[in-house]
Amino acid sequence: MPNLALELGKQAATLGVTSVYGEQQDVDGIRLIPVALSWSGFGAGEDTQGNGGGGGGGVAVPLGAYVRKGDDLRFEPNLVSLAAIGIPLLWVAGRALSRVIRALKR
């Protein structure tokens, strides 16, 4: 039986934006290059008899795309995913800041 951890490592090396959203596309002379935030984790193990197991998971968040038209290159964000990430982040930061201020007042 091949080493499961090494096999999972080979699979993890191929993960990224291209594997999640594909290659850049050309549409009517405009080149679209997807941009995403992705991360993953894997684990594996074997016992002394050679029995093994493993698994993993990952997340990909589409941030937007670079749009190239001629010599002009600009980034167009995906507003839905940025709001889905930004709103909870601001809420947590606000809660933490309020607790810091409350602790400093004591």
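**Arginine 74 and its partners**

I looked up arginine 74 and found it partly exposed, with a relative accessible area of 37%. The model is a predicted one, and I read the values below with that in mind.

I then listed the charged partners of arginine 74. Aspartate 72 forms a salt bridge with arginine 74, and the closest N and O atoms are 3.6 Å apart. Glutamate 76 also forms a salt bridge with arginine 74, here with 2.7 Å between the closest N and O atoms. I noted Asp72, Arg74 and Glu76 as a linked network of salt bridges.

I checked the exposure of the two acids as well. Aspartate 72 has 42% relative accessibility and so counts as partly exposed. Glutamate 76 is at 36% relative accessibility, which also falls under partly exposed.

**The other salt bridge**

How many salt bridges does a search of the whole structure find? I get three. Apart from the pairs already entered, I recorded arginine 31 with aspartate 26, where the closest N and O atoms are 2.9 Å apart. Arginine 31 is partly exposed at 32% relative accessibility. Aspartate 26 is exposed, because its relative accessible area of 53% is over the 50% cut-off.

**Chain layout**

I stepped back to the secondary structure and counted three helices and four strands. Along the sequence I read the pattern α-α-β-β-β-β-α.

The strands form an open sheet of four, in the order β1-β2-β3-β4, with antiparallel pairing. Which strands stand at the edges? I found β1 (25–27) and β4 (72–77) there; each has a single partner strand, so one side of each is left without a neighbour in the sheet. From one strand to the next, the twist averages 30°.

**β3 against β4**

I followed the pairing of β3 with β4 in more detail. The two strands run antiparallel and are joined by six bridges. Alanine 65 has glutamate 76 of β4 as its bridge partner. Glutamate 76 is therefore entered twice in these notes, as the bridge partner of alanine 65 and in a salt bridge with arginine 74; its 36% relative accessibility makes it partly exposed. Arginine 68 stands opposite leucine 73 in β4.

β3 and β4 form a hairpin, and I counted two residues between them. Glycine 70 lies in that turn and has a positive phi of about 70°.

**A positive phi outside glycine**

I looked for the backbone value at aspartate 28. Phi there is near 50°, which is positive in a residue other than glycine. I set this against the general rule: most residues other than glycine have a negative phi. Where does aspartate 28 lie? I place aspartate 28 in the loop between β1 and β2 (30–46). Aspartate 28 counts as exposed because its relative accessibility is 78%.

**Helix α3 on the sheet**

I checked how α3 sits relative to the strands. α3 lies across β3 and β4 and runs at about 125° to β3.

I took serine 81 as a sample residue of this helix, since its place is in α3 (residues 79–105). Is serine 81 buried or exposed? I have serine 81 as buried, because its relative accessible area is 9% and the cut-off is under 20%. Leaving aside neighbours within four places in sequence, I found serine 81 in contact with Val61, Pro62 and Leu63.

**Nonpolar patch**

I also looked at nonpolar side chains on the surface. Leu37, Trp39 and Val59 form a patch there, with about 290 Å² of accessible area together. I located valine 59 in strand β3 (residues 52–69). At 42% relative accessibility, valine 59 counts as partly exposed.

**Totals for the chain**

I closed with the whole-chain values. The chain has 106 residues, of which 8% count as buried. The chain exposes about 8100 Å², and carbon and sulfur atoms supply 60% of that area. Among contacts with a separation of 6 or more, I noted that 45% come from residues 24 or more positions apart.

How values were computed: Residues numbered from 1 in each chain as written. Predicted model: local features only at pLDDT ≥ 70, side-chain atom pairs only at ≥ 80, totals over all residues. Heavy atoms only, no water. Patch = residues over 30% accessible without salt bridge, like charges linked within 9 Å, V, L, I, M, F, W, Y side chains within 5 Å. Areas by Shrake-Rupley, 256 points an atom, 1.4 Å probe, with all protein chains shown as cover. Salt bridge = Lys/Arg side-chain N within 4 Å of Asp/Glu carboxyl O. Buried < 20%, exposed > 50% of the residue type's maximum accessible area, 1.4 Å probe, protein only. Contact = heavy atoms within 4.5 Å. Pairing = 2+ DSSP bridges. Axes fitted to C-alpha atoms, helices over the stretch in contact; angles between N-to-C directions.
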